[in-house]
Amino acid sequence: MPGKLKVKIVAGRHLPVMDRASDLTDAFVEVKFGNTTFKTDVYPKSLNPQWNSEWFKFEVDDEDLQDEPLQITVLDHDTYSANDAIGKVYIDIDPLLYSEAATVISGWFPIYDTIHGIRGEINVVVKVDLFNDLNRFRQSSCGVKFFCTTSIPKCYRAVIIHGFVEELVVNEDPEYQWIDRIRTPRASNEARQRLISLMSGELQRKIGLKVLEMRGNAVVGYLQCFDLEGESGLVVRAIGTACTLDKLSSPAAFLPACNSPSKEMKESPLVHPPSHGCRSTHNSPIHTATGSRLTQNFSVSVPTLIYTGMGSGSAGKEGGPFKALLRQQTQSALEQREFPFFTLTAFPPGFLVHVGGVVSARSVKLLDRIHNPDEPETRDAWWAEIRQEIKSHAKALGCHAVVGYSESTSICEEVCILSASGTAAVLNPRFLQDGTVEGCLEQRLEENLPAGCGFCHIPYDELNMPFPAHLTYCYNCRKQKVPDVLFTTIDLPTDATVIGKGCLIQARLCRLKKKAQAEANATAISNLLPFMEYEVHTQLMNKLKLKGMNALFGLRIQITVGENMLMGLASATGVYLAALPTPGGIQIAGKTPNDGSYEQHISHMQKKINDTIAKNKELYEINPPEISEEIIGSPIPEPRQRSRLLRSQSESSDEVTELDLSHGKKDAFVLEIDDTDAMEDVHSLLTDVPPPSGFYSCNTEIMPGINNWTSEIQMFTSVRVIRLSSLNLTNHALNKNFNDLCENLLKSLYFKLRSMIPCCLCHVNFTVSLPEDELIQVTVTAVAITFDKNQALQTTKAHVEKSLQRASTDNEELLQFPLELCSDSLPSHPFPPAKATSVDYSSFADRCSSWIELIKLKAQTIRRGSIKTTVTVEKTSPMGEGNFRNRSAAPCANSTVGVVKMTPLSFIPGAKITKYLGIINMFFIRETTSLREEGGVSGFLHAFIAEVFAMVRAHVAALGGNAVVSYIMKQCVFMENPNKNQAQCLINVSGDAVVFARESELEVVSTQQPAANCQPACTGGEVTT
Amino acid sequence: MTSELDIFVGNTTLIDEDVYRLWLDGYSVGDAVALRVRSGILEQTGATAAVLQSDTMDHYRTFHMLERLLHAPPKLLHQLIYQIPPSRQALLIERYYAFDEAFVREVLGKKLSKGTKKDLDDISTKTGITLKSCRRQFDNFKRVFKVVEEMRGSLVDNVQQHFLLSDRLARDYAAIVFFANNRFETGKKKLQYLSFGDFAFCAELMIQNWTLGAVDSQVDDMDMDLDKEFLQDLKELKVLVADKDLLDLHKSLVCTALRGKLGVFSEMEANFKNLSRGLVNVATKLTHNKDVRDLFVDLVEKFVEPCRSDHWPLSDVRLFLNQYSASVHSLDGFRHQALWDRYMGTLRGCLLRLYHD
């Protein structure tokens, strides 16, 4: 009996009128945990009852504590008929189960009813007394901390990063049980909510057990999703990265680092990315082992990208032997693992050695063919298969690990597309094992890894490349090979050297598909997928070049399946990495020669494209230092080959892009216009309107090139559904509609948030779904953050330097590196003596100026940087002058509604997270049978999302927190039936509840301990009664 | 391609002041969009009409959802659904309860009943204020009236506490409620020259001096109803005009004091008895509800108009009224000095406010 749960019901307020005669309510409360139920007295005739109940005590196993939610039901007492339910509150008590998190849950919770929405609030206090349990065979995993954040949470230090954990549980969906025919929608919704809550608890407990087995104490980058498979069941699955974390106790250890949180924290909590690109695609229908039932299996693997190399081919260099050794060690460390995957997207300094490129796999499955729908085996096998594929793709890229890993599904009727993607990478083994590899190796290694470009270097053997790519010597260190373009699913590493600013780049695509059944349908989808991947990749590539940039971060490709179409939406943040070569332009080639006007048209387009590139370069401040070609040795094996797109045989008949190398010696990307579609494609490239001035957007944690955030943030969710007119459904019209939908949505966001200018939309996360035949739903969640325009001008140099500076401080503080490292590391990246093997001047015709200049520049930045850093410290302190004081105590009963910030980012600008209170993972269903009365679909969904936000905030406040970070809306399933005046919506959200303090406050906090809760000046302020 | 659903929900609820004003003014989404386009916002921001339409719809939806809470402003502060900074909350409430001068003049002193509500159509046509806006303003008056009508304590304080209005607006509402409760006639043609501010000023004086609350702060309804006993007592003032000697004495005292100081002395001297009779008769009639309602009509007819027709400057009116009230203290035969002060102190203030073109 290892735990005692205690609950006290204090009071209610704003209850609805339940008795029309008296305009009052006779409310009482049922408190249920597991199979035990307690009741309060009836508080008669009041809309603001004061129950002030005794402590209800539940004595339970800690296994139940983890699985079960506390269920509080508010009812209206009726002497003559059945009591009417007013609504419910589910409280996840998990945060009370680990020592450092919350100790009490206390506050006002909205009373929620799936039919009526929020109906008043109830004040509840919950505590847990845990007894130590020495049973070794225990089934619970209390004490394992969970974080949605996809980086090592602030105020913790990663001792070891163990690796991938996953789990999946299946149950029958209550909505599809026979009993659903006779019960009320409310009962059905509540059964579903409760079931998912239970399943999430169970899932978390099981994952916790795995973590304990690995000797870890936390899961970072925890991503839990549910799949509504319909008849075949309801799946809740989760992946995460097991770690051993150490709490950084002394504030001195993290205070300095927090002065510039914008840079310090670069992790992107939600990683949902899939893959991209298709150079080598294979299409292989596989019969699964399940006997006679045929499951279409299809996978696209895309080791397309572009990489950076450490080049074992050049092993003669100083770093060579050490790297080889490192590689061996890492490999052995990782090989013990079934799947060397990491859901993290940002890493401790030194963790990420090289990045290979994006790897992804997809597979089409038929849900009605699952042998044992109630058992998880089949789904486990499906995912294992996909993970295996990812692993082998990574290997092909010379990488032994996958970072920024995520999984997703898209379901339509009985067809399900499973997708997984990540970034192949080479990791530093130091974090992967128990402090074994300390010492000189590490030291040497660090010296050999030039800051800011090391991760770009290719990890694979240049003589034995997995795919044709164009390599050059790194533009930063001149020592190692880098690819011409780099795509990744992770955040931009903090120490990366970036030129100019980044921007959001999206590829959007629709493909019509015939309606079909079962296998035919699955085959049709399988056949379409590679083309979609290919086109999405081409679009991304073109748009990237159009922006004058050479790398994508946070890439996430979502393929959504509908009855009669497939949609692809890829989002990423484009940047110009200083280490990579300048991207070439885009060339247009016409196919019909001898046509004067046509030629003219082509040249007109060409001019437009060139203008756009020039304009974008100016807009994003991309002006890389020019490098003289004489100095650069570039032994590129086959310089021309790089721009060739290789297609696998299966699709080679469908020529979309053709290379024409005659267009000069620049590494131009050539678009051939051979029909109107191609023309439209080119047009659509040019229709993407840049954000209005003062606005930037990205889908990573923060905008590369902006680092002076001010404290105002606004998180929002926007949903749009459009109905396609069925008449003109061609691929082309569809693409245009979809493109317009996304563009208009972005335009609306810019307009709505115009008062925040200058500001940046960060972590822009688009989700597409196809709820019905002709409906397209796009959901966007993002956060707008203001920044200081004046400082914004100092971009690259300051940024580079800051990150260098910080990398070194971090090293000292977080990694306890020997001190000399920071002093050594800067001067010690020797720009290698120009390699004079075979020099290919031609490919660098457009770049000049010497690397000596680069060195000078670096030296300058280093000097400036140190000044800059001090400036930052001074700058940040006066920022939020107000005596902001976060409420760490339980919110006092009825006086104030505290402001709770929500953000999809892992940090709060201008503030320091002082405590993680636990994971928030909530699932709600809302249904209505009076859609028109509630303001139609827009009114209904608007109110529901506002209610979801409110419930998240209330739970965070009750835990004693004042913000949710790494917030994500994982699902927003909306169904309507306007004819019946009905609609239903399911929403699943999660995030990490935290306590944050303004930086300015941290400094004074010691001097003014007791001061009352007052927080004027800063952004939100508190609402006083 | 048609947009089926289009929403934007912020963790902090976005409030656009301009759109809020359009919404309060009762414009439809279409009209509001047209007005916004005319304001040049498209040029400033580079947005399209579609964006503006979507934005306006979104704000209207938000306001519509907030309206329920605005009906009981303390709820807006306590609710958890919309996170709104306090300054914005205050703005939402203040603007929601603000009213148009033209509208309030139409309904001031009228019973806030269904019947009046039916006349809103006409008021809307007459004033050019949209019917929707008229309804909101009318409902606000009625809601405030209902909440505070049976409460003890200061009317202004009650309004402020239950509707969280600014001091200025709370005073205006106190006046509206007071007028509605006592049904003072304000719509007569000869009263048209008076502004709401004039009436509100008088209301405040009357609440301070003539209601139950003026003598006893522990009664229900104290600021709403006039002190019945006081009105009854006012009959005693009749003697000032009924007793010929007293009237003559009063006149001579006033004339002596004002001789040479008044530009309109002769007119005053000639009219003194009429004016005094008018003012005293108003007092003595206040026992009848009908006459209470006509208070302002009577004051204008009996005092303001005669003086105005003789072109009294305001300064002379002030001198006269001061002397007129003060001289009574020198009338030995008159025993109701306190009563006279309570009556005349307020009346003097009111008359001075009412005396303009």
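**Group meeting: a walk through chains A and B**

Okay, let's start with chain A: of its 1025 residues, 65% are buried. Before I go on, please keep in mind that this is a predicted model. The secondary structure in chain A adds up to 17 helices and 33 strands. If you take the contacts in chain A with a separation of 6 or more, 80% of them are between residues 24 or more positions apart. And on the outside, chain A has an accessible surface of about 35,600 Å², with 51% of that belonging to carbon and sulfur atoms.

Now over to chain B. Here we have 357 residues, and 51% of them count as buried. What does its secondary structure come to? For chain B, the tally is 21 helices and one strand. Along the principal axes, the C-alpha atoms of chain B fill a box of roughly 90 × 45 × 35 Å. Contacts in chain B with a separation of 6 or more come from residues 24 or more positions apart in 71% of cases. The accessible surface of chain B is about 15,400 Å², and carbon and sulfur atoms own 50% of it. On charges, chain B carries 47 positive and 51 negative ones, and the mean positions of those two sets are 3 Å apart.

Right, the cores. In soluble globular proteins, nonpolar side chains tend to be buried together. So what do we have here? The largest nonpolar core holds 213 residues, and the ones with the most contacts inside it are Ile122(A) and Phe320(B). The element that gives the most to this core is helix H16 of chain A, residues 936-958, with 15 residues. There's also a second core, separate from that one, with 45 residues, including Ile152(A), Ala425(A), Ile490(A) and Ala579(A).

Let's click on Phe320(B) for a moment. Which residues is Phe320(B) in contact with, once you leave aside its neighbours within four places in sequence? You'll find Val254(B), Leu258(B), Met268(B), Phe272(B), Leu275(B), Phe303(B) and Trp312(B) around that ring.

While we're in chain B, have a look at Ala170(B), which sits in helix H12, residues 167-182. Is Ala170(B) buried or exposed? Buried, because its relative accessible area is 0%. Not counting residues up to four places away in sequence, Ala170(B) touches Val156(B), Val159(B), Gln160(B) and Leu165(B). With Gln160(B), the gap is 10 residues in sequence and 5.6 Å in space, C-alpha to C-alpha.

Next, two polar residues in chain A. Arg205(A) is part of helix H2, residues 185-213. You might guess an arginine would stick out, but Arg205(A) counts as buried, because its relative accessibility is 6% and the cut-off is under 20%. Where does its side chain go? There's a polar contact of 2.9 Å between the side chains of Arg205(A) and Asp67(A). Arg205(A) and Glu63(A) are 142 residues apart along the chain, yet their C-alpha atoms are separated by 7.6 Å.

The other one is His162(A), in strand E10, residues 156-171. His162(A) is buried as well, with a relative accessible area of 9%. Its side chain reaches the backbone oxygen of Met214(A) at 3.3 Å.

Last stop, some backbone oddities. The peptide bond from Ile757(A) to Pro758(A) is cis, with omega near 0°. Pro758(A) is in the loop of chain A that runs between helix H11 (731-752) and strand E26 (759-772).

Then there are positive phi values outside glycine. Glu621(A) has one, at about 55°. You'll find Glu621(A) in the loop between helix H9 (596-619) and strand E23 (669-673) of chain A. How accessible is Glu621(A)? Its relative accessible area is 24%, so Glu621(A) is partly exposed.

In chain B, His311(B) also isn't a glycine and has a positive phi, near 60°. His311(B) belongs to the loop between helix H19 (295-309) and helix H20 (314-327) of chain B. As for accessibility, His311(B) comes in at 64%, so this residue counts as exposed.

That's my tour, so let's go to discussion.

Notes:
Residues numbered from 1 in each chain as written. Chains lettered and ligands numbered in written order. Predicted model: local features only at pLDDT ≥ 70, side-chain atom pairs only at ≥ 80, totals over all residues. Heavy atoms only, no water. Core = buried A, V, L, I, M, F, W, Y, C linked by side-chain atoms within 4.5 Å. Buried < 20%, exposed > 50% of the residue type's maximum accessible area, 1.4 Å probe, protein only. Helix = DSSP H or I, 4+ residues; strand = E, 2+ residues; numbered from the N terminus. Contact = heavy atoms within 4.5 Å. Polar contact = N/O pair within 3.5 Å; in protein donor to acceptor, adjacent residues only side chain to side chain. Areas by Shrake-Rupley, 256 points an atom, 1.4 Å probe, with all protein chains shown as cover. Lys, Arg positive; Asp, Glu negative; His and termini not counted. Charge placed at Lys NZ, Arg CZ, Asp CG, Glu CD.
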